[in-house]
Amino acid sequence: MKATLDQLASISIFTQLQPEQLTRLQPHSVVQTYQTGEIISHEGDRLSPRLYALIAGLLRVSKTASNGKETILRTLANGDIFAAPALFGNGIAPATVIAESEVQVLMVDRVALLAAIQENPEIALHMMAVFNQRLQQLHEMVHGLVSERAIVRLARLIQYAAEVPGMPVSQQGICLRQPLSYYEIARSIGITYEECVRLFKQLKPIVSYRRGGKITILDWEGLEAIARGSGN
């Protein structure tokens, strides 16, 4: 199915494009739907030379060690791009991408994207900013796994998940738009499921965890203190 102009405009790197520029990309774009649990790409797969972007639903990006242990690198939300090597690298998927819900993935042919970048170099700058942010996140994750306490890593993960424009705020506090299960959190910060449950009990006055992975930050300053390593 061809992408609509609204779907193209929803991608973070295309938000500044004019309607006529999006119209030129439209014939070279497709939208594909995946069901919960479907794998979009396996780590090591050969990727088609395209831009891949999520326009609806949630995707989990993970790597699996030789011993079978899964580490969740990030969860993608609407507008996020992924599978960078399909555009600029060796075309090999660096991680496994799985649908966390019913999702729609928009794909744009590489040649058409490069033509759009020539016309509007700001697209490339936006892409570089996205990939740079992810490199920094991975650096912090590795550093945290080596040198920081688990509760600090947990606090930072919750902070990162909260740094999304338009995050809903209730009378109780800041509600994370994206559910995070104990399993996902444990695999993201290198701890066991049981330790994750225990840490949330420690954070009870600061963070509320409800069934289904619904998280509400009750005390942002308290969470920030723990993320700095000076609380709890």
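Visitor: In which sense do β10 and β11 pair, and over how many bridges?

Guide: Strands are taken as paired when at least two bridges are found between them. In this predicted model, β10 and β11 are joined by four bridges and pair in the antiparallel sense, and one of the residue pairs to look for is Val207, whose bridge partner in β11 is Ile217. The two strands form a hairpin with three residues between them, where Gly212 takes a positive phi near 90°.

Visitor: What is the order of the strands in the open sheet, and which strands stand at its edges?

Guide: The open sheet has three strands in the order β9-β11-β10, with antiparallel pairing. Because β9 (174–175) and β10 (207–210) each have a single partner strand, they stand at the edges, and one side of each is left without a neighbour in the sheet. On the β9 side, two bridges join that strand to β11 (residues 214–217), the two running antiparallel, and Cys175 has Thr216 of β11 as its bridge partner.

Visitor: How should I read the crossing of helices α6 and α8, and which residues make the contact?

Guide: An angle of 65 to 115 degrees counts as roughly perpendicular. The axes of α6 (residues 150–162) and α8 (residues 193–202) come within 11 Å and cross at roughly 75°, so α6 is roughly perpendicular to α8. On the α6 side the contact is made by Ala150, Ile151, Leu154 and Ile158, and on the α8 side by Glu195, Leu199, Phe200 and Gln202. Sorted by class, this contact between α6 and α8 has six nonpolar residues, one polar and one charged.

Visitor: Turning to single residues, is Ser62 buried or exposed, and what does its side chain join in a polar contact?

Guide: A residue is called buried when its relative accessible area is under 20%. Ser62, which lies in strand β4 (residues 59–64), has a relative accessible area of 2% and is therefore buried. Its side chain is joined to that of Glu70 by a polar contact of 2.9 Å. Leaving aside residues up to four places away in sequence, Ser62 touches Glu43, Glu70, Thr71, Ile72, Leu73, Ala95 and Thr96.

Visitor: And where is Met107 found, and which residues does Met107 touch?

Guide: Met107 is found in strand β8 (residues 103–109), and Met107 counts as buried because its relative accessibility is 5%. Residues apart along the chain can be compared by their C-alpha atoms: those of Met107 and Ser29 are separated by 5.5 Å, although the two residues are 78 residues apart along the chain. With residues up to four places away in sequence not counted, Met107 touches His28, Ser29, Val30, Gln32, Arg50, Leu51 and Tyr52.

Key
Residues are numbered from 1 along each chain as its sequence is written. This is a predicted model: local features need pLDDT of at least 70, side-chain atom pairs count only at pLDDT 80 or more; totals for chains, interfaces and linings use all residues. Side-chain values use heavy atoms; hydrogens and water are left out. Buried means under 20% relative accessible area, exposed over 50%, partly exposed in between (1.4 Å probe, protein chains only). Contact means heavy atoms within 4.5 Å. Axes are lines fitted to C-alpha atoms, for helices over the stretch in contact, and angles run from 0 to 180 degrees between N-to-C directions. Angles under 35 degrees count as roughly parallel, over 145 as roughly antiparallel, 65 to 115 as roughly perpendicular and the rest as oblique. Ala, Val, Leu, Ile, Met, Phe, Trp, Tyr, Cys and Pro count as nonpolar, Asp, Glu, Lys and Arg as charged, and the others, Gly among them, as polar. A polar contact is a pair of N or O atoms within 3.5 Å; within protein, one must be able to donate a hydrogen and the other to accept it, and residues adjacent in sequence count only if both atoms are side-chain atoms.
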